[in-house]
Amino acid sequence: MYDVFITKASTYLPNNPVSNDEMETYLGLINDAPSKAKSLILRNNKITTRYYALDKEGNPTHTNAQLTAKAVEGLFDENFKKEDMKLLSVGTTSPDQMQPSHASMVHGELNIGRSIEINTATGLCNSGMNALNYGFLSVKAGVHDNAICAGSERMSAWMTADKFNHEAENLKALEERPIVAFKREFLRWMLSDGAGSFLLQNKPRENGISLKIDFIDFYSYAHEIEACMYAGCDKLEDGSLKSWADYPSDEWLKESIFAIKQDTKILDKYILVKGAESLRSSFDKHNLDPEKIDHVLAHISSGYFKDGLREEFAKKGMDFPAEKWFYNLSEVGNIGAGSIFIALEELMNSGKLKKGEQVLLCVPESGRFAYSCALLTVC
């Protein structure tokens, strides 16, 4: 078994930052009317700017594969060239197509000129951590001496007004309020685009910061809780999901079957409690002392959860002081599977890390409540 180190990190955020006031310029107005829910959601999520792979007319400027490839290209330098890559492992919630795989498309964009091993992790926010874990285990087992891992999203393409206008018009025809259901509109003001990547190697970089991966743990609570965040389906009264394949095709657009949706009542009930429970399990498993953690990077979808998460951790005996927490949500937005990559890249290049410090990563996934955490040591 080999030690595994993150020896370099890279981020790609498309175009210019988009302010709260500009969001509907890019995403468009549903039914030609400004959103009534937008201001409330933005006030709670505390996001002030985000990035979209769109122009102001709502036209796409990048695919997800292109965003990811640009983040990966930032890892190449005189010490590690494109041709040195052995494994590409990527994760996303929002691939550009159902097939081929996201990793296949990113490999094609990179124009390496030869065959490499690829891996795609799908799902929601944990798909980035799943991709990282595949690379970590491959290098640790000696299958490869390096791996490139990335997390990315291009959610803006799912959120443009044209995807929802038909639903709003249908409600208007039924003499109901011509607005989109809150469970679908909620995420229009939460999600954004971008990609982050890590270079994993079996030796630390001689000059500069490297982070040794001590462990990565995963937990799922799907055996206890129904789905909370979902797409390509709809949720029935009994909590089960009905697949898009089981709907007639004329229902797909009318009912916004492919829109990504959030059951906010279940989200509030479980997301923090189960996050603290899972992290406590890892601290017990590895016999960790919370006081020895120097930096805490917790992916949160909204600033609304910031104080509550700290309180739930403290209830489980993991009371991390406020100065140890690191967030960049308000500036870059919620980039789902890419968020933890993008936050760690900023911390790695901030000059704040010192040799021997421990960095804790925590990632929740509200799909059906899955969680991951990782411990890194600064070299």
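The radius of gyration used here is taken over C-alpha atoms, and the globule rule sets the expected value at 2.2 Å times the number of residues to the power 0.38. The model examined in these exercises is a predicted one.

**Exercise 1.** Determine what radius of gyration the protein has, and judge it against the value for a compact globule.

*Solution.* Begin with the chain length of 379 residues, for which the rule gives a compact globule a radius of gyration near 21 Å. The protein itself has 21 Å, which agrees with that expectation. Next, turn to the extents of the C-alpha trace, which spans about 65 × 50 × 40 Å along its principal axes.

**Exercise 2.** Describe burial, contacts and surface in the protein.

*Solution.* Take burial first, where a residue counts as buried under 20% relative accessible area; such residues make up 55% of the 379. Then consider contacts between residues at least 6 apart in sequence, of which 81% join residues at least 24 apart. Finally, the protein exposes about 16,600 Å², with carbon and sulfur atoms supplying 48% of that area, while its side chains include 42 positive and 53 negative ones, the centres of the two sets lying 3 Å apart.

**Exercise 3.** Set out the secondary structure of the protein and of its two annotated spans.

*Solution.* The whole protein contains 13 helices and 15 strands. An unreviewed UniProt entry annotates residues 65–165 as "Thiolase N-terminal", and this span is 38% helix and 21% strand, with its end C-alpha atoms 27 Å apart. The unreviewed entry also assigns residues 284–364 to "Beta-ketoacyl-[acyl-carrier-protein] synthase III C-terminal"; residues 284–364 are 32% helix and 14% strand, and their end C-alpha atoms lie 19 Å apart.

Definitions and conventions
Residues are numbered from 1 along each chain as its sequence is written. This is a predicted model: local features need pLDDT of at least 70, side-chain atom pairs count only at pLDDT 80 or more; totals for chains, interfaces and linings use all residues. Side-chain values use heavy atoms; hydrogens and water are left out. UniProt positions are given in the numbering used here, feature names are shortened, and annotations may be inferred rather than shown by experiment. Helices (H or I, at least four residues) and strands (E, at least two) are DSSP runs, numbered from the N terminus. Buried means under 20% relative accessible area, exposed over 50%, partly exposed in between (1.4 Å probe, protein chains only). Contact means heavy atoms within 4.5 Å. Accessible areas come from the Shrake-Rupley method with a 1.4 Å probe; for residues, only the protein chains shown count as cover. Lys and Arg count as positive and Asp and Glu as negative; His and the chain ends are not counted. The place of a charge is taken as NZ of Lys, CZ of Arg, CG of Asp or CD of Glu.
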